[in-house]
Amino acid sequence: MKEFIKSHKGLIALSAAFVVIVSAVIFHYLHMKEIAGKFEGKWRAAAGMRVELINAQFDVFGGGGSIGSILISDQDESYKPLIYLENVELRYVPFSSYWGPLKIKEFAVAEGDAEVNIIGSGWRVKLLNTQLKELIETKNQAETKAFQFSNVQIGRGRMLIGPAQIGVNFERIAEFPPTNLTFSEDQNKELSDIDEIRYILFELTRQSLEATSYPMIR
């Protein structure tokens, strides 16, 4: 009888451990999905445009993640995305999203993986850049901060110059310089995550607009 009770206690302990492990895995998966959804929502709020995250992976335990593509587009779906950021790599403080904003130590895009569609005079990019500049001057502290950025490294990008319609090839390519930003601790306290994303997009669009006068067009 004692052996029977003893063996059952072991079985109960193993079952309880199994339930705890499965629950932790499910909770972690749901939390990662929640983080990805919030990240997309913050970029959408910052840009004021359609934003799509493709293949977003957030490992909040390990402190690393990746996003296959961030596409920022006009509301009119017949237009090509305005901005492409591909193969985004993230490093952040593990578990930080459980007690506050996810502290992103590095947001990195390799050279050639950032693209901006410049159509005609570039009015779409100019309009976005102007709107971002105006919004940056009015800080957004209404929502709870879910993310904070430290270092942003976007390598040299490409402007795709040509028709805006989906399915139509661009006419030429021009490179624009890297976009590098650092947010201090004071800025992290002062700025919302939406503000920080706006600064990233503002600098990215500024670099691409300035590059329209660059001679390296092929």
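Strands are DSSP runs of E that span at least two residues, and helices are DSSP runs of H or I that span at least four, both numbered from the N terminus. The views below show a predicted model.

**View 1. The whole protein chain contains five helices and nine strands.** From start to end of the sequence, these elements follow the order α-β-β-β-α-β-β-α-β-β-β-β-α-α. The protein chain has 218 residues, and 44% of them count as buried. Of the contacts between residues at least 6 apart in sequence, 67% join residues at least 24 apart. The accessible surface of the protein chain is about 11700 Å². Carbon and sulfur atoms account for 58% of that surface.

**View 2. Strand β6 pairs with β4 and with β9.** Strand β6 covers residues 147-154. With strand β4 (residues 102-109), β6 forms seven bridges in the parallel sense. With strand β9 (residues 179-182), β6 forms four bridges in the antiparallel sense. V152 of β6 stands opposite F107, and the bridge partner of V152 in β9 is L181.

**View 3. Q148 is a buried residue of strand β6.** Q148 has a relative accessibility of 14%; because the limit for buried is under 20%, Q148 counts as buried. Apart from neighbours within four places in sequence, Q148 is in contact with P101, L102, K103, I104, N188 and E196.

**View 4. S96 lies in helix α2 and is buried.** Helix α2 covers residues 96-99. The relative accessible area of S96 is 0%. When residues up to four places away in sequence are not counted, S96 touches P101, L102 and K103. One of these, K103, is reached through its backbone nitrogen by the side chain of S96, at 3.1 Å. V60 is 36 residues from S96 along the chain, and the C-alpha atoms of the two are separated by 7.6 Å. P101, L102 and K103 also appear among the contacts of Q148 in View 3.

**View 5. F61, F95, Y98 and W99 make a nonpolar surface patch.** The area of this patch is about 430 Å². F61 is found in the loop between β1 (50-59) and β2 (64-73). The relative accessibility of F61 is 38%; buried ends at 20% and exposed starts over 50%, so F61 counts as partly exposed. Two other members of the patch, Y98 and W99, fall within the range 96-99 of helix α2.

Methods: Residues numbered from 1 in each chain as written. Predicted model: local features only at pLDDT ≥ 70, side-chain atom pairs only at ≥ 80, totals over all residues. Heavy atoms only, no water. Buried < 20%, exposed > 50% of the residue type's maximum accessible area, 1.4 Å probe, protein only. Contact = heavy atoms within 4.5 Å. Areas by Shrake-Rupley, 256 points an atom, 1.4 Å probe, with all protein chains shown as cover. Patch = residues over 30% accessible without salt bridge, like charges linked within 9 Å, V, L, I, M, F, W, Y side chains within 5 Å. Salt bridge = Lys/Arg side-chain N within 4 Å of Asp/Glu carboxyl O. Pairing = 2+ DSSP bridges. Polar contact = N/O pair within 3.5 Å; in protein donor to acceptor, adjacent residues only side chain to side chain.
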